[in-house]
Structure formats: C-alpha cells, structure tokens
Amino acid sequence: MKKNAKKLVGVTLAGVLSTSVALGIVTTASGDAKSENLQPAHEDAAKNVILLVGDGMGQNQVSAAAYYKGSGYGAEDLIVDQFTNVGYARTFSHDNTVTDSAAAATAFSSTHKTDNGVLGKAPKNEEHHENEEHFNVDTVLESAEESGMSTGLVSTARITHATPAAFASHIGNRDEENNIAEQMLLNHDIEVLLGGGKRHFLPKDEGGKREDGKNLLNAAKEKGYKLIENKKELENADADKLLGLFNESHMSYELDRDLTGEPSLQSMTGKALNVLKDDKDGFFLMVEGGRIDHAGHANWPATNIQETLAFDKAVQEALEFAKKDKNTIVIVTADHETGGMSIGADGVYGFNKEVVQNVKRTPEYISSQFNKEQSNIAEIMAEYTGIKDLKKEEEQLIKTDEDAAGAIAKIISERALIGWTTTGHTGVNVPVYAYGPLSERLTGTIDNTKIAELISKTTSKSLTSLDLKEQVQQFEENGEITNHDAAQSLLIHLTTVGKFEQKGAAEKVIKHLTNFNLLLDQQKQKDLISTNAYDALTKGTESLLAKWQ
C-alpha cells in the first residue's frame, strides 16, 4: 500500500461504502479505506503495469536500429524483438488522421480520442466540431492512485511535455507547461518523476519560466520529495519519493550524454522500478523515450537510431523485471511515427550502415565545433562523423545553409541511404509489443485506446461497462447466454452506458444501468441466461451503480 494515502476522486462516500462489500474494501470506524483486499476488476490482470512509449518510433525506426546493430546485410534482434505478442496500433486523433503526442497519449492514458494539442480531456461531440468543448477524463495513472498503487513518470523529454502530461494533467493546450507542472506535482502524489523541464518548476527570477513567482521545487520538498539533479545523485538516492529534473529543457541526446551529468533512460527506469516495486498494491510506471521524436523532426539519422537503441535498453530493464516478478505486464508502443523515415532512398536499394555507425556526436554538437571562419569543417567532420572524403559541394552546403546541423544530417542521410518524407509526424500504424498477463489482447491491428483499456484492468479496482461487456461476450461464448440476439441486446445497452460514462453523465449512466438490470431479469425469466451469468452480471451492475449513485 502507498505510504501516502490517496484520496478517492469522483466517487461519493455512499458509493464507496456501497462498493466496499462488492470489492472487498475494509473500512475502519474512522472511515479510512484500507486496500489490502482490493483486487483488479479483471481477475487475470497483472499486479503491475510498465508502459514504455518511444515517442515518434515507427517500425522503420525499430528496423533501422536493428540493422545498425547487425553484421553484413542482416539485423541483430533488439530487446523488443524478443516479444511474441506483437501488434500495430492506429493512431488517428479526434480531429486529424495525423495525431500529435498530446492526443495520442491521451488515447492510451484514458481510452478517449481527443483533439490534437489537448491533454487529459475529451470532446463532447463524437464528430469533430469547430470550437470543440472538452471535459476532463480520468487517466490510468489517476485510477492507479485511487486504487492505492504507486505511480511513476519517466522521460528524456521535459517531464511536462505532452506524453507524461497526458497521464497527470487536464489541459486544453499542451504548451501550458507551467500549469502542467503545477497539476502534476500538486494534484497528485506520484512517487517518481524523472526527466527534464526544470524551468517550468522555477520562477523567472530563479532562472525558470514561471511568471507567477511560484517555486514548485520548494513545494516538492514539502510534499516529501527527494530532489536530484544528476546521475550520481540518482544512483545514490534512497527515498520513497523522487523528483529528478536533469535539464532546464529536454535531456541531452544519447550521443552527447557522456558530456553531461545526466542519467540514461535505462538507469532512470531501473531506479523508478526500485522505488515502486515494494508496493503490495502494485504500481503503474510510464517511461518515455522522448527524443526519438525530436531527432525524427530534425531528420538526424544517427541521433534517431541511438535514441531508439537507448529506449530499447530501458525496455530491457522493464522486461527483466517482469520476467522475475511474473505478475507485471510490459507494454511497448509509440504515440506516432515522426519523419517518414526509410531504409533505402532515392530509388537506390541499400543501407550503408557504416556511415551512421561512424557518427560520434549529434549534428548540433558537431556544428558547434566549427571555428568562426569555418575553415575546419573537413577536419571536424572527419573527427566526429568518420567522413574523410568530404566533397566540395557538401562542404559548401554546410557553409551556406543557415541550419548547419541540418546540413550535416542531410549529408549523413544521403550517404547512408536513409530517406525522410517530412519534418513532422505521419499517420502510419505504430508497433505494439506486450509481455505478461493478458498481453495477448494487444496483438493484431488495434486502436491505441485499447492500450488504456487493458491497463485499466489492473489500475481500476472497480468495474466499468467495458468489463461488463467482456463478461457478456464470454458468457455467450461458453453457452451461458443461449441466444445471440439476447447477448446483442445486452451489449447494445452497455455500449450506451459507456458513452455516458465517458461524458461523466451520472444520471444517464444510472438510468441505463437500471434498464440493463431489468433486461437481465427478463432474460432470466425466459431462460435465455444461466443462473451463474445472471448472478455475475447483476452483481457487477450493482457495483457499477453504486459507483455512480
């Protein structure tokens, strides 16, 4: 159980007391709920959840990293290639075929499609409208907190950036990172927060970006956080709550990390697991390889591949933990693909992997080493990219391009035969890898909201209409609902309940659940449903009613 008790959000006291009997909550005379007997709504669900998000990581990024590591023309398996439950997720948002990170992360943090740029909120209309209104939606992190589980967010981007923010904030504009920092820290009790973005926790007069004068680091100390700023402090940290902000903005790219005191994504993941693992109520941890996306936007090939490999090492940390624990689900996916990366370009069959293998630093760092006269371009390129035969036109491109780093990356891409179609996102499906209890449910082609649905089977200790729908389907499959039309009628009622659940319309949820119960009675009288199925669905409906009454 969490050392710091969570408050139950969005449930009345009457609802908590009514639900207690059904869910096995022990309530003391003082009214403090103890969660020793709480169980996930789905009996086969895992105890712990580790979700790893490679921001901007499409299948081509994974393939490029695997070929980079391989010998000859072949590839070497990455850690993600060890997963046998593999699928693909469609990523479209509510208002665009091509999603941004905010909408995508909200989809797999809450089960709701939303508009690009929106975090932790869902639109009121099923179809997109101009001037769309949005309402707050619960996230899997919030349901984990309400269930007494420990939680953590880790990223190589700013911790206030879109992906982690989608789990712990409700914001109409993802750029409001000062507000996100405040919500993330003060509205929650997240045990582990590790990443960049220190500037959004400090006022301007202390070097930050906040104009309200608030110092959220002081507030964090008051909440019991151990503050850490570098990899050595992270290694030595021995505390129940960690706030690690390792850069004013995003953390450094992996290629340049050894020039800094910043920890790797793998080490942050390992530390987070070490802090969270002893909670007997379980934990939820989200880990983001955020800078894969940034390297994709910039079309920096070697940087992109190195970020993907660093992310794969974090996956290794999670997978090793899950294999030892045997009660943890690990889900690896992406919010979208970035850059339209290809292996092979300009009609040429090939991948000159040695070109990217020879790159030692990011284009940003390399360009910073040119002298004022730019007379040492060939020398610097030879030292940091391994290109010792720089052509005159390539050198001229670097000299004349306003974006010298971009010119360097273009030369590397062309020589390596890596192509790019955009500096933005694409709408292609992204890979989903899963290991652990119920992981087989994420195979095939799925919508990205299905990831949140599966996670919620662990983080939510109370039933939803989705759980009842699943029970109906199972009862029909095993013959306990003997008529297909009867099963479909139940499912239609529950679909309607689900729509009103998403909108937070309690009166409508209660009305349609009451009708659902009446329908169950009718079907039992007509012998269309077994006593076992009737009892289970009636009990589940009563529990769900108690939650909304």
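**View A. Helix 19 and helix 20 run side by side.** The axes of helix 19 (residues 484–503) and helix 20 come within 9 Å and cross at roughly 170 degrees. Here an axis is a line fitted to C-alpha atoms, for helices over the stretch in contact, and angles run from 0 to 180 degrees between N-to-C directions. Helix 19 and helix 20 are therefore roughly antiparallel, a label for angles over 145 degrees. Helices are DSSP runs (H or I, at least four residues), strands are E runs of at least two, and both are numbered from the N terminus. This is a predicted model, in which local features need pLDDT of at least 70 and side-chain atom pairs count only at pLDDT 80 or more, while totals for chains, interfaces and linings use all residues. Residues are numbered from 1 along each chain as its sequence is written, and side-chain values use heavy atoms, with hydrogens and water left out. Look for Leu-490, Leu-494 and Phe-500, which are among the helix 19 residues in this contact, and for Leu-513, Phe-516 and Leu-520, among those of helix 20; contact means heavy atoms within 4.5 Å. By class, this contact has 10 nonpolar, six polar and two charged residues. Ala, Val, Leu, Ile, Met, Phe, Trp, Tyr, Cys and Pro count as nonpolar, Asp, Glu, Lys and Arg as charged, and the others, Gly among them, as polar.

**View B. Helix 20 also meets helix 21.** Helix 20 (residues 506–525) and helix 21 (residues 531–548) pack at about 165 degrees, with their axes 10 Å apart. This pair is therefore roughly antiparallel. The contact includes Val-509, Leu-513 and Leu-520 of helix 20, and Tyr-534, Leu-537 and Trp-548 of helix 21. Its residues divide into 11 nonpolar, five polar and two charged.

**View C. Helix 18 is another partner of helix 21.** The axes of helix 18 (residues 465–477) and helix 21 are 10 Å apart, at an angle of about 175 degrees. Helix 18 and helix 21 are therefore roughly antiparallel. From helix 18, the contact uses Ser-465, Leu-468, Gln-471, Val-472 and Phe-475, while Leu-537 and Leu-544 are among the helix 21 residues. There are seven nonpolar, five polar and no charged residues in this contact.

**View D. Leu-52 sits among the best-connected residues of the largest nonpolar core.** A nonpolar core is a set of buried Ala, Val, Leu, Ile, Met, Phe, Trp, Tyr and Cys residues joined through side-chain atoms within 4.5 Å; buried means under 20% relative accessible area (1.4 Å probe, protein chains only). Of the 118 residues in the largest core, Leu-51, Leu-52, Leu-153 and Phe-284 touch the most other members. Helix 11 (residues 301–325) gives the largest share, 10 residues. A second, separate core of 23 residues includes Leu-468, Phe-475, Leu-491 and Leu-545. Not counting residues up to four places away in sequence, the neighbours that Leu-52 touches include Val-287, Phe-311 and Ile-331.

**View E. Helix 3 is wrapped up by its surroundings.** Because 10 of the 10 residues of helix 3 (residues 101–110) are buried, this helix is largely enclosed by the rest of the structure. Among the elements covering helix 3 are strand 3, helix 4 (140–146), helix 5 (162–168) and helix 17 (449–459).

**View F. Helix 10 is mostly covered.** Six of the eight residues of helix 10 (residues 291–298) are buried, and Arg-291, Asp-293 and His-294 are among them. These buried residues pack against elements including strand 7 (150–158), strand 11 (283–289) and helix 11. Just after helix 10, Asn-299 takes a positive phi of about 60 degrees.

Terms used. Buried means under 20% relative accessible area, exposed over 50%, partly exposed in between (1.4 Å probe, protein chains only). Angles under 35 degrees count as roughly parallel, over 145 as roughly antiparallel, 65 to 115 as roughly perpendicular and the rest as oblique.
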